[in-house]
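Student: I am new to this structure and should like to understand the terms used for it. Could the reasoning behind each term be set out?

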Amino acid sequence: MGEARRQRRLLLVVVCVALLLDNMLYMVIVPIIPDYIATMRGGGATAGPSAPAGGNGSGGGNRSLLPARYPPATGGNEDVQIGVLFASKAILQLLVNPLSGTLIDRVGYETPLLAGLAVMFLSTATFAFAENYATLFAARSLQGLGSAFADTAGIALIADRYPEEPARSRALGTALACISFGSLAAPPFGGVLYEFAGKRVPFLVLACVCLLDGLLLLALAPPGAAAARANMPVGTPIHRLMIDPYIAVVAGALATCNIPLAFLEPTIANWMKDSMGASEWEVGLTWLPAFFPHVLGVYVTVRLAAAYPHLQWFYGALGMAIIGASSCLVPACRNFGQVIVPLCGICFGIALVDTALLPTLAFLVDVRHVSVYGSVYAIADISYSVAYALGPIVAGQIVHTMGFAQLNLGMGLANVLYAPVLLLLRNVCQMKPSHSERNILLEEGPKGLYDTIKMEERKGMGKSLHPADGMEENGMDSYRRDLAGVSEEDSSDYEYS
């Protein structure tokens, strides 16, 4: 038992590092890409071979200049290209997640996680040596492919290895804290290394950490160990999970609460420069203070969930209300110090929603479906991907046509209006475990040793319920009692205790 606990802690470390890397790679290019693309075009470089990229004369002399692969374009076209580049990861992740969730349910969690880390390593190395926009686009899209497997398999692995509460909420909270740290620490990490060490160094550092994480996973769960997967149940198909009303409510909440963050990231910098004359360092540090309330939100929700587990829905609804109010306050800010407050409120609310509802997804699968988590966390990843695929492309257009204030008011109103919908989850914690696993086995043919054994047990139970000829009266009464018990069991899928 002690060895199993140590192994699951190490696996939690592997998953947390994978999520940290994915989000660092997602955000590390934020301060790099505009100068990166300008250098490719030759617009920001001087003729000397040691000239710094972007025309910055301090500390960048060791960067190799990238040759211009296509003629310079207008600023508007460059903005579109950067937006598409940022969105391509989430778009591909959105398209691949339904397939990755099904595959994870079939083959287990460790192998897809290892494959995702391998693809992320390849993507990071491609970023390091990219010399044109097409290669950058391919690397970004490749990261989306790796994330669809690594993120989904990692979160599902945590839910599987931590089946009991409050340990599951604590483990998922730790993973969310790593996601937050990766997103908020990546821009200064990438900017500093890009400035003083060269364009390849940030990506090579991340690639090395990714390689070490994959080797640790390989040592903990070698591919041969996945053969035991054949003896485990087959998960509920993802299309059935999508039409489950409770899972749909949770997925909608995850998408809605992340829309303000996804839409503000590409638009708030220009708004701060135009409305309050913010300097470059102020724009760069805008999101960094929000890391602390996010971690605080994770900690508070984990503690409250341990003490009052029946109020998970309330923590999520409260988080959405905080996000809505904070979003509406952003346009009213007039200086750097003021704008930090609502951004911290948004991140605090997101922490409440994510930390409360991600364990709820695993619980819903446990009580209403089969306890296999690949597909349900693929649905969660789809919810995140919808927000982050639309943000870089749609947000700028909304600001251009309607205004920054209207964008924030709309996002705030959407969160406030969605919060009462979480009332539908108020009785979830009272649900009894369902017998849908048995029903699925009856509807579908046996798939593996586990299913075959279950089918044989079911058949054996059915035979034992049929009385032999000449059965005495007390035997018939016993048969009727058994049959009534089975009928009650069949109808108890969604009973409440």
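Tutor: The discussion below concerns a predicted model and takes up some helices and two histidines in turn.

Student: Why is helix 6 called oblique to helix 7?

Tutor: Helix 6 (residues 167-196) and helix 7 (residues 201-220) pack at an angle of about 125 degrees, and their axes are 8 Å apart. Angles of 65 to 115 degrees count as roughly perpendicular and those over 145 as roughly antiparallel. The angle of about 125 degrees falls in neither range, so helix 6 is oblique to helix 7.

Student: Which residues make this contact?

Tutor: Helix 6 contributes F189, G190, L193 and Y194, while V201, P202, V205 and L206 come from helix 7. By class, seven residues of this contact are nonpolar, one is polar and none is charged.

Student: What makes H294 count as buried?

Tutor: H294, which lies in helix 12 (residues 291-307), has a relative accessibility of 9%. Buried means under 20%, and H294 therefore counts as buried.

Student: How do you know that the side chains of H294 and S180 are joined by a polar contact?

Tutor: The contact between these side chains is 3.3 Å, and the cut-off is a pair of N or O atoms within 3.5 Å. Leaving aside residues up to four places away in sequence, H294 touches L176, S180, C347 and A351.

Student: Is H369 buried or exposed?

Tutor: H369, in the loop between helix 14 (336-368) and helix 15 (374-401), has a relative accessible area of 11% and is therefore buried. The side chain of H369 also joins that of D244 through a polar contact of 2.7 Å.

Definitions and conventions
Residues numbered from 1 in each chain as written. Predicted model: local features only at pLDDT ≥ 70, side-chain atom pairs only at ≥ 80, totals over all residues. Heavy atoms only, no water. Axes fitted to C-alpha atoms, helices over the stretch in contact; angles between N-to-C directions. Helix = DSSP H or I, 4+ residues; strand = E, 2+ residues; numbered from the N terminus. Parallel < 35°, antiparallel > 145°, perpendicular 65-115°, else oblique. Contact = heavy atoms within 4.5 Å. Nonpolar A, V, L, I, M, F, W, Y, C, P; charged D, E, K, R; others polar. Buried < 20%, exposed > 50% of the residue type's maximum accessible area, 1.4 Å probe, protein only. Polar contact = N/O pair within 3.5 Å; in protein donor to acceptor, adjacent residues only side chain to side chain.
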